[in-house]
Amino acid sequence: MTVLVAYNDSPQGETAFRAAVAEAVHRSTALAVLVLTPQDADAGVPATLAHLLDTLPAGVARPEITYRSEHLDPAEAIIDEAERTAPDVVVVGARKRSPVGKFLLGSTTQRVLLDSPVPVLVVKASH
């Protein structure tokens with residue numbers, strides 16, 4: 001099986017990546033990464049993600065990396081990837097938001113929690 005991490009270039013993305021690696025080690029399973037920032041297919045792996053990949057512990061294979069289509073919002077992309085790959089768990093990062101901000105802007109994390117076909121692990125960045 002697999003641990004799927006929703007990654008973006010932010011403290012939340014880095015925290016989610018590190019939590020997903022720990023979860024993959026704990027479960028003795030593969031890691032998969034969904035990059036939430038739409039990318040040109042020829043652009044390659046983002047530099048910050050490449051650095052994180054270089055820090056993978058021994059025994060964790062280099063993950064499959066997919067990229068969000070610019071036509072999907074992040075929540076849809078995460079849910080679609082979870083449906084496609086059927087991971088054991090999806091790991092997403094969260095940031096602190098005010099109650100008014102959540103009400104006015106909606107919440108990717110909330111949508112993923114409600115609509116994911118598999119369990120979701122939400123981790124909060126320390127910054």
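This passage describes the nonpolar cores, salt bridges, backbone outliers and surface of a predicted model.

The largest nonpolar core of the predicted model holds 21 residues, and among these Val5, Phe17, Leu31, Val33, Leu49 and Val91 touch the most other members. Two or more residues are given to this core by each of strand E1 (2-7), helix H1 (11-27), strand E2 (30-35), helix H2 (47-54) and strand E4 (89-94). Of these elements, H1 gives the most, with six residues. A second core, separate from the one just described, comprises 13 residues and includes Leu34, Leu36, Ala82 and Val92.

The surroundings of single residues give a more detailed view of the packing. When residues up to four places away in sequence are not counted, Leu49 touches Tyr7, Phe17, Val33, Val35 and Ile65. Ala19, a residue of helix H1, has a relative accessibility of 19% and therefore counts as buried, the limit for that class being under 20%. With residues up to four places away in sequence again left out, Ala19 touches Val91 and Val123. The C-alpha atom of Ala19 also lies 10.0 Å from that of Lys124, although the two residues are 105 residues apart in sequence. Thr2, which is found in strand E1, likewise counts as buried, at 19% relative accessibility. Apart from its neighbours within four places in sequence, Thr2 is in contact with Thr29, Ala30, Leu31 and Ala32, and also with Pro87, Asp88 and Val89.

Five salt bridges were counted in the model. One of them joins the side chains of Glu23 and Arg27, with an N to O distance of 2.7 Å. Both residues belong to helix H1, where they are four residues apart, or about one turn of the helix. The two partners fall into separate accessibility classes: Glu23 is buried, with a relative accessible area of 18%, whereas Arg27 is partly exposed, with a relative accessible area of 37%.

A further salt bridge is formed between the side chains of Arg111 and Asp73, again with an N to O distance of 2.7 Å. This pair links distant parts of the chain, since Arg111 lies in helix H5 and Asp73 in the loop between strand E3 (64-67) and helix H3 (74-85), with the two residues 38 residues apart. Arg111 counts as partly exposed, at 33% relative accessibility, and Asp73 is also partly exposed, at 28%.

Within helix H3, Glu81 and Arg84 are three residues apart, about one turn of the helix, and their side chains meet in a salt bridge at 2.6 Å, N to O. At 10% relative accessibility Glu81 counts as buried, while Arg84, at 52%, counts as exposed, because the exposed class begins over 50%. These two residues are joined with Glu64 into one network by salt bridges that share partners.

Two residues were noted for their backbone geometry. Most residues other than glycine have a negative phi. Ser28, however, has a positive phi of about 50° although it is not a glycine. This serine lies in the loop between H1 and E2 and is exposed, with a relative accessible area of 69%. Ala86 also shows a positive phi of about 50° without being a glycine. Its position is in the loop between H3 and E4, and at 40% relative accessibility Ala86 counts as partly exposed.

At the surface, Leu113, Leu114 and Val122 make a nonpolar patch of about 280 Å². Leu114 lies in helix H5 (residues 108-115), the helix that also holds Arg111 of the salt bridge with Asp73. With a relative accessible area of 63%, Leu114 is exposed, and its value therefore also satisfies the requirement of over 30% that applies to residues of a patch.

Technical notes: Residues numbered from 1 in each chain as written. Predicted model: local features only at pLDDT ≥ 70, side-chain atom pairs only at ≥ 80, totals over all residues. Heavy atoms only, no water. Patch = residues over 30% accessible without salt bridge, like charges linked within 9 Å, V, L, I, M, F, W, Y side chains within 5 Å. Areas by Shrake-Rupley, 256 points an atom, 1.4 Å probe, with all protein chains shown as cover. Salt bridge = Lys/Arg side-chain N within 4 Å of Asp/Glu carboxyl O. Buried < 20%, exposed > 50% of the residue type's maximum accessible area, 1.4 Å probe, protein only. Core = buried A, V, L, I, M, F, W, Y, C linked by side-chain atoms within 4.5 Å. Contact = heavy atoms within 4.5 Å.
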